[in-house]
Amino acid sequence: MTELPAVKRGAALLNDPELNKGTAFTEAERSALGLRGLLPPRVMTQHEQLERFLPGVRSRPTPLDQYAYLVGLHDRNVTLFYRLVMDHLEEMMPILYTPTVGQACQEFGRIFRRSRGLFVTADDAGRVREVLANWPHDDVRMIVVTDGERILGLGDLGANGMGIPIGKLTLYTACAGVPPRQCLPIAIDVGTDNTHLRESASYMGLRQPRLRGAAYDALLDEFVEAVQERWPQVCLQFEDFGNHNAFTLLDKWRDRMCTFNDDIQGTASVTLAGLYSAARITGTPITDMRLLFLGAGEAGIGIGDLVVEAMTEEGISSADAHSRCWFMDSKGLVVKSRTDLAVHKQPYAHDHPPVASFLEAVETIKPHAIIGVSGMPGTFTAPVLAAMARHHARPIVMALSNPTSKAECTAREAYATTDGRAIFASGSPFAPVTHKGRTHVPGQGNNAYIFPGVGLGVIVADSSRVTDEMFAAAARTLASTVTDDDLAMGRIYPSLSRIREVSHAIAVEVARLAYERGLARAPRPDDLSAAVSAAMYQPVYPVYAE
């Protein structure tokens with residue numbers, strides 16, 4: 001039987017979403033906890049509650065309305081919310097995260113009902129520790145933080161970016177069983193340069209231009225140091241920062257605390273897993289692949305770096321591995337003769353004449369795979385796809401930009417233009433496509449296959465660091481779960497319905513590495529797989545009175 005805080009009785013208990021059971025409070029609980037008359041008389045099982053709520057979700061007219069309905073359920077009853085999401089994960093994930101979460105961020109002020117997480121603002125400089133002290137839970141193990149500058153492919157959304165940490169942490173719980181009380185979403189509001197948003201009547205963030213330079217750096221330093229003091233066992237995930245800050249923050253803190261950037265490392269891991277799976281279809285190992293990236297920001301460079309690490313582990317030199325990765329940015333192909341390259345692009349600058357167009361780059365390099373991380377919709381044009389099909393029997397096309405409106409091409413375009421030969425994956429979900437009587441099931445290169453399991457493994461081992469080796473192991477583990485039946489349908493990722501199984505497998509590998517590399521602070525269990533299973537939250541109602 002679960003003990004309740006003494007003050008949690010009656011209406012106070014019903015208004016606590018983490019403890020509330022709604023109509024599932026038993027007769028004994030209603031008598032013992034002062035709930036008589038505060039609830040309808042019928043005692044319902046959790047299953048009966050789900051039968052009542054699920055039609056409510058499905059009857060909402062738009063995905064954003066469905067999102068708001070689910071958020072409302074979370075605000076009332078956390079346990080029932082996660083039961084609903086876990087039991088219908090494939091249906092709920094596109095509502096709670098990509099692609100709907102992008103619109104939810106754009107409309108954040110309009111649909112806001114109840115605050116979740118913490119807002120740390122530029123005005124809190126010098127008192128960030130006081131702000132963090134206001135959070136009621138001491139055993140926080142996973143924080144997702146954003147400053148809202150680069151939300152998906154939508155740009156600077158300021159404080160509205162809070163929807164991303166909320167969504168990511170929902171997936172930590174739903175996909176890997178990280179307990180909700182151990183999760184904390186944080187938005188660092190340093191203003192926004194989106195003047196339209198800043199002047200909107202519904203915008204709830206600071207109405208000022210974005211803080212930059214030394215003042216920004218000092219605020220972030222204060223924040224990270226305060227997080228380490230308040231929650232010394234926490235893993236801090238940076239999310240949707242602008243390119244410069246994303247690389248700077250990761251480089252500064254990755255060897256000083258347990259932290260990672262999902263846009264750089266999680267995206268890299270899920271893409272590498274897709275390449276491993278695609279290699280089983282094409283027969284070309286990744287060490288022999290030429291990759292052409294459209295976009296050379298944090299996602300693209302992160303993928304390149306992890307691919308290089310994977311290739312070198314398989315026996316080729318770092319120089320050869322770098323030579324297989326080509327990048328196209330807004331100014332053309334990344335080549336050595338250019339003088340405008342940021343530091344993170346320079347390792348991928350090759351001796352090659354300048355190339356201005358992506359089509360010309362495809363025709364010149366003849367890549368086995370094109371990987372879109374540009375946020376530029378429609379840039380994998382019909383001529384580009386036709387060129388890929390001309391050069392390779394099974395061209396790999398990964399249109400990874402989110403949300404759906406930003407995808408470099410659609411699944412239908414990829415299959416139709418390549419006569420059904422493309423191995424296609426996207427960042428947002430696409431429906432199956434039938435071409436010439438054959439149905440192709442697109443793979444979704446969703447980071448949710450990776451980061452929840454990595455986070456769970458880090459928590460189980462109480463790892464002091466998150467390493468690139470862990471993300472490489474996560475990629476191999478994810479690829480190993482792809483079945484021959486998946487590949488026969490053209491799908492290079494497993495069904496989302498198996499994601500908790502996938503997360504468990506990844507968590508075991510991540511925890512194993514933490515122990516083997518001397519990073520774990522928790523005693524090593526005799527059965528690591530059983531320890532991971534035991535750590536996974538299950539949305540089952542506690543018993544408060546019998």
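## Pockets, sheets and a buried helix

Helix 10 gives the largest share of the lining of the second largest pocket, four residues. This is a predicted model, and the tour below starts from that pocket, then moves on to the other spaces, the two sheets, helix 15 and one glycine in a loop. Helix 10 comes up again at the largest cavity, where three residues of the lining are its own, the largest share there too.

**The second largest pocket**

- The volume of this pocket is about 530 Å³.
- Its lining counts 24 residues, and the ones closest to the centre are Glu18, His74, Arg116, Trp135 and His137.
- Four elements supply at least two lining residues each: helix 4, helix 5 (78-87), helix 10 and strand 3 (183-189).
- Sorted by class, the lining of the second largest pocket holds eleven nonpolar, six polar and seven charged residues.

**The largest pocket**

- The largest pocket has a volume of about 860 Å³.
- It is lined by 45 residues, of which Arg150, Val373, Ser374, Gly375 and Ser401 are the closest to its centre.
- Helix 14 (262-282), helix 15 and strand 7 (325-329) are the elements that give two or more residues to this lining.
- Helix 14 makes the largest contribution to the lining of the largest pocket, with five residues.
- The lining of the largest pocket comprises 13 nonpolar, 22 polar and ten charged residues.

**The cavity**

- If you are looking for enclosed space, the count comes to one cavity of 30 Å³ or more.
- The largest cavity has a volume of about 50 Å³.
- Around the largest cavity you will find Tyr67, Val71, Phe81, Leu96, Arg116, Ile166, Gly167 and Thr170.
- Arg116 is worth a second look in your viewer: it is in the lining of the largest cavity and is also among the residues closest to the centre of the second largest pocket.
- Helix 4 (63-76) and helix 10 (163-176) each bring at least two residues to the cavity lining, and each of these helices also supplies at least two residues to the second largest pocket.
- By class, the cavity lining is made up of five nonpolar, two polar and one charged residues.

**The five-stranded sheet**

- Five strands make an open sheet with parallel pairing, in the order 1-3-2-4-5.
- At its edges are strand 1 (118-121) and strand 5 (259-261), each pairing on one side only.
- From one strand to the next, the twist averages 25 degrees.
- Strand 4 (residues 235-238) and strand 5 run parallel and are joined by three bridges.
- To find this pairing on screen, look for glutamine 237, whose bridge partner in strand 5 is phenylalanine 260.

**The seven-stranded sheet**

- The other sheet described here is also open, with seven strands in the order 8-7-6-9-10-11-14 and mixed pairing.
- Strand 8 (332-333) and strand 14 (443-444) are its edges; each has a single partner strand, so one side of each has no neighbour in the sheet.
- Strand 7 belongs to this sheet and also gives two or more residues to the lining of the largest pocket.
- Strand 10 (residues 396-399) runs parallel to strand 11 (residues 423-426), and four bridges join them.
- Methionine 398 sits opposite alanine 425 of strand 11.

**Helix 15**

- Helix 15 (residues 298-313) contains 16 residues and reaches 22 Å from its first C-alpha to its last, close to the 22 Å expected at 1.5 Å a residue.
- Why is helix 15 described as largely enclosed by the rest of the structure? Twelve of its 16 residues are buried, so the rest of the structure largely encloses it.
- Among the buried residues of helix 15 are Glu298, Ile301, Leu306, Val308 and Met311.
- Helix 15 also gives two or more residues to the lining of the largest pocket.
- After helix 15 comes glycine 315, with a positive phi near 115 degrees.

**Glycine 155**

- Glycine 155 is found in the loop between strand 2 (142-146) and helix 10.
- Is glycine 155 buried or partly exposed? Its relative accessible area is 23%, so glycine 155 counts as partly exposed; the cut-off for buried is under 20%.
- Glycine 155 and phenylalanine 241 are 86 residues apart along the chain, and 9.8 Å separates their C-alpha atoms.

Terms used: Residues numbered from 1 in each chain as written. Predicted model: local features only at pLDDT ≥ 70, side-chain atom pairs only at ≥ 80, totals over all residues. Heavy atoms only, no water. 1 Å grid on protein atoms, 1.4 Å probe; cavity = no way out; pocket = protein on both sides within 12 Å on 5 of 7 lines; lining within 4 Å. Points joined across faces, edges and corners; volume = space filled by probe spheres on them. Nonpolar A, V, L, I, M, F, W, Y, C, P; charged D, E, K, R; others polar. Pairing = 2+ DSSP bridges. Axes fitted to C-alpha atoms, helices over the stretch in contact; angles between N-to-C directions. Expected span 1.5 Å × (residues − 1). Buried < 20%, exposed > 50% of the residue type's maximum accessible area, 1.4 Å probe, protein only.
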